[in-house]
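With the model open in a viewer, follow the stops below in order, making each selection before reading what is found there.

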Amino acid sequence: MPKDAMAQKRGGWIACPDCDTLHQCGPVKAPHDVKCANCGRTLFTRTENPLDRPLAFALAGLVLFIPANLYPIVTFSFHGVKTDNVLVTGVYRLAEGGFPGVGLLVLLASVLFPALYLMGMTYVLLCSRLRQYPGDFALTLRMTQGLNRWGMIDVYLLACLISFIKLGQLATVLPGPGLYCLGGVLVCTLLASLGFDPDLLWRRFGARSDKAGSWNLLKPKAS
Ligand SMILES: [Zn+2]
């Protein structure tokens, strides 16, 4: 029996985030949605391959991130002068044009945070899969959960689409291979996020030994 299932059988308690109703969870077979008995909110979802699928998509996203940063996102052609623009070129142009703050924001939201999110997800999933928990596992998992909302590659792609429409009247604007790779990163990140279950990782982390763990802390005191 897996350790997380054992931990649940020992008496895992889970509180509904909406109505605070406490539930005692037994082992759940995948695929299955566990819902709150009071309000019907989904407490957690058991999926098939809960670690392998998001890990595969996160790794694919990381691999695609390299050509997305190296190859041109867009190519401008104006009166025979051709300019290739990679992902960070836009950041540089914004800083050069007097908008360093906006440039920094673009750098963080479209490069740094998505990359850190994918790296964090790969790391914690791999650790959990191998059942090896280094000292920074909890911090990395917490950081990965926080980074989820800060990656905005979709906004960047939308801005590229608008530039194609607007600048297409003045110059020839062509999508580069980097743009397709960036689209791939976005799809992989979305699919990895869909299967990424931090609750499961916390439970597995808590059940890593009998000495300490989140589930042990949640055990009701014997009266
Ligand atoms: Zn509820």
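Begin by selecting residues 210-223, where pLDDT stays under 50 and for which the model has 15 contacts beyond four places in sequence. This is a predicted model, and a colouring by confidence is a useful companion for the first stops. Across the chain the pLDDT averages 81, with 87% of the residues scoring at least 70. Helix α1 (residues 3-9) has the lowest confidence in the chain, at a mean of 41, whereas helix α2 (residues 52-70) has the highest, at 94. Extend the first of these selections to residues 1-10, a stretch over which the pLDDT is below 50 and which has 22 contacts in the model beyond near neighbours in sequence.

Now show the whole chain as a cartoon, in which nine helices and seven strands can be picked out. Of its 223 residues, 25% count as buried, and among the contacts with a separation of 6 or more, 61% join residues 24 or more positions apart.

Next, select threonine 122, which lies in helix α4 (residues 100-130). Is this residue buried or exposed? Threonine 122 has 20 C-beta neighbours inside 10 Å and therefore counts as buried, since the cut-off for a buried residue is 20 or more. Leaving aside neighbours within four places in sequence, its contacts are Leu55, Ala58, Leu59 and Leu62. A distance label from threonine 122 to proline 54, drawn C-alpha to C-alpha, should read 8.3 Å, although the two are 68 residues apart in sequence.

From there, move to alanine 58, whose contacts beyond four places in sequence are Leu118, Met121, Thr122, Leu125 and Ala192. Ala58 also leads into the largest nonpolar core, a set of 28 residues in which Ala58, Ala68, Met121, Leu182 and Val185 touch the most other members. The elements that each give two or more residues to this core are α2, α4, α6, α7 and α8 (198-206). In soluble globular proteins, nonpolar side chains tend to be buried together.

Keep α6 (residues 153-167) and α7 (residues 177-195) on screen and hide the rest: the axes of these helices come within 10 Å and cross at roughly 145°. The crossing in which α6 passes α7 is left-handed. Which residues make the contact? On the α6 side they are Ile153, Asp154, Leu157 and Cys160, and on the α7 side Leu179, Leu182, Gly183, Val185, Leu186 and Thr189. Sorted by character, the residues of this contact comprise seven nonpolar, two polar and one charged.

The last two stops concern backbone torsions, and a general point helps in reading them: most residues other than glycine have a negative phi. Select aspartate 20, in the loop between β1 (12-15) and β2 (22-25), where phi is positive at about 65° although the residue is not a glycine. Aspartate 20 is exposed because 10 other C-beta atoms lie within 10 Å, and the exposed class takes in counts of 12 or fewer.

Finish at arginine 131, which is found in the loop between α4 and α5 (137-147). Arginine 131 is likewise not a glycine and has a positive phi, of about 55°. With 12 other C-beta atoms within 10 Å, arginine 131 is exposed.

Conventions. Residues are numbered from 1 along each chain as its sequence is written. This is a predicted model: local features need pLDDT of at least 70, side-chain atom pairs count only at pLDDT 80 or more; totals for chains, interfaces and linings use all residues. Axes are lines fitted to C-alpha atoms, for helices over the stretch in contact, and angles run from 0 to 180 degrees between N-to-C directions. Helices (H or I, at least four residues) and strands (E, at least two) are DSSP runs, numbered from the N terminus. A crossing is left-handed if the near helix is turned anticlockwise from the far one by less than a right angle, and right-handed if clockwise. Two residues are in contact if their C-beta atoms, placed from the backbone, lie within 7 Å. Ala, Val, Leu, Ile, Met, Phe, Trp, Tyr, Cys and Pro count as nonpolar, Asp, Glu, Lys and Arg as charged, and the others, Gly among them, as polar. pLDDT is the predictor's confidence in each residue, from 0 to 100. A nonpolar core is a set of buried Ala, Val, Leu, Ile, Met, Phe, Trp, Tyr and Cys residues joined through C-beta atoms within 7 Å.
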